[in-house]
Amino acid sequence: MKKYALLATLCFLVLCFSCSQPSPLYGTWADNKGDQITMLSDFTYTAKLHDAVGEEFETTGSYNVLLNAIAFTSKTGQTVVSEWDIRGNMLYLNWTDPVGRPLQLTLYKTKN
């Protein structure tokens, strides 16, 4: 009887620890200026952002996350690498607009 209890406990623990957690980055993030980034579980993204002078630009491509660093690679080949941080429901990251000017983004989660 002890064998079966031990085996059942071991199976339960393996099941609990083998399930992967979804990334907290998945979903749509936006701000009140009209900036929006959507990150999907297949590591693709779409973004509609405003540059430092207020001009809107759009970009799509793929992203890669390693701990608290994220790299966005657009279909045109531009790569933006940033540190990211989520505090509460807010995502903080830095972006570089198409001409190289830095953008500090503070986005809130709108959809999963």
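The following paragraphs lead through the fold of this predicted model, from the overall arrangement of its elements to two serines in neighbouring strands.

The protein chain contains 1 helix and 8 strands. Read from the N terminus, the order of these elements is α-β-β-β-β-β-β-β-β, so that the helix precedes the strands, elements being numbered from the N terminus. The chain has 112 residues, of which 29% are buried. Among the contacts with a separation of 6 or more, 33% are made by residues 24 or more positions apart.

The strands form a closed barrel of 8 strands in the order 1-2-3-4-5-6-7-8, with antiparallel pairing. On average, neighbouring strands of this sheet are turned by 30° against each other, direction ignored. Strand 1, residues 27-30, is joined to strand 8, residues 102-111, by 3 bridges, and these two strands run antiparallel. Within this pairing, A30 stands opposite Y108 of strand 8.

The middle of the strand order can be followed residue by residue. Strand 3, which covers residues 44-50, pairs with strand 4 in the antiparallel sense over 7 bridges. A47 has T59 of strand 4 as its bridge partner. The hairpin of strand 3 and strand 4 has 5 residues between the strands, and in this hairpin G54 adopts a positive phi near 95°. Strand 4 also pairs with strand 5, again in the antiparallel sense, over 6 bridges. Here the bridge partner of V65 is I70 in strand 5. The hairpin of strand 4 and strand 5 has 2 residues between the strands, and L67 takes a positive phi near 55° in that hairpin.

The structure also encloses empty space. There is 1 cavity of 30 Å³ or more, and the largest cavity holds about 50 Å³ of space. Its lining is formed by Y45, F57, T59, F72, S74, Q78, V80 and W95. The elements that contribute two or more residues to this lining are strand 4, residues 56-66, and strand 5, residues 69-74. By class, 5 of the lining residues are nonpolar and 3 are polar, while none is charged. T59 thus appears in two settings: T59 is the bridge partner of A47, and T59 also lines the largest cavity.

Two serines illustrate how residues of these strands are placed. S74 belongs to strand 5 and is among the residues that line the largest cavity. S74 counts as buried because its relative accessibility is 8%, which falls under the 20% limit. Apart from neighbours within four places in sequence, S74 is in contact with Y45, T59, T60 and G61. Of these, Y45 and T59 are also lining residues of the largest cavity.

S62 lies in strand 4. Its relative accessible area is 35%, and S62 is therefore classed as partly exposed, since this value lies between the limits of 20% and 50%. Not counting residues up to four places away in sequence, S62 touches F43, T44, Y45, A71, F72 and T73. One of these residues, T44, falls within strand 3, which spans residues 44-50, and another, A71, falls within strand 5, which spans residues 69-74. S62 and K75 are 13 residues apart in sequence, and their C-alpha atoms are 7.8 Å apart in space. Y45 links the two descriptions, being a contact of S74 and also of S62.

Notes: Residues are numbered from 1 along each chain as its sequence is written. This is a predicted model: local features need pLDDT of at least 70, side-chain atom pairs count only at pLDDT 80 or more; totals for chains, interfaces and linings use all residues. Side-chain values use heavy atoms; hydrogens and water are left out. Two strands pair if DSSP finds at least two bridges between them. Helices (H or I, at least four residues) and strands (E, at least two) are DSSP runs, numbered from the N terminus. Axes are lines fitted to C-alpha atoms, for helices over the stretch in contact, and angles run from 0 to 180 degrees between N-to-C directions. On a 1 Å grid over the protein atoms alone, a cavity is a set of points where a 1.4 Å probe fits but cannot get out, and a pocket is an open set with protein on both sides within 12 Å along at least five of seven lines; lining residues have an atom within 4 Å of a point. Grid points are joined across faces, edges and corners, and a volume is the space filled by probe spheres set on the points. Ala, Val, Leu, Ile, Met, Phe, Trp, Tyr, Cys and Pro count as nonpolar, Asp, Glu, Lys and Arg as charged, and the others, Gly among them, as polar. Buried means under 20% relative accessible area, exposed over 50%, partly exposed in between (1.4 Å probe, protein chains only). Contact means heavy atoms within 4.5 Å.
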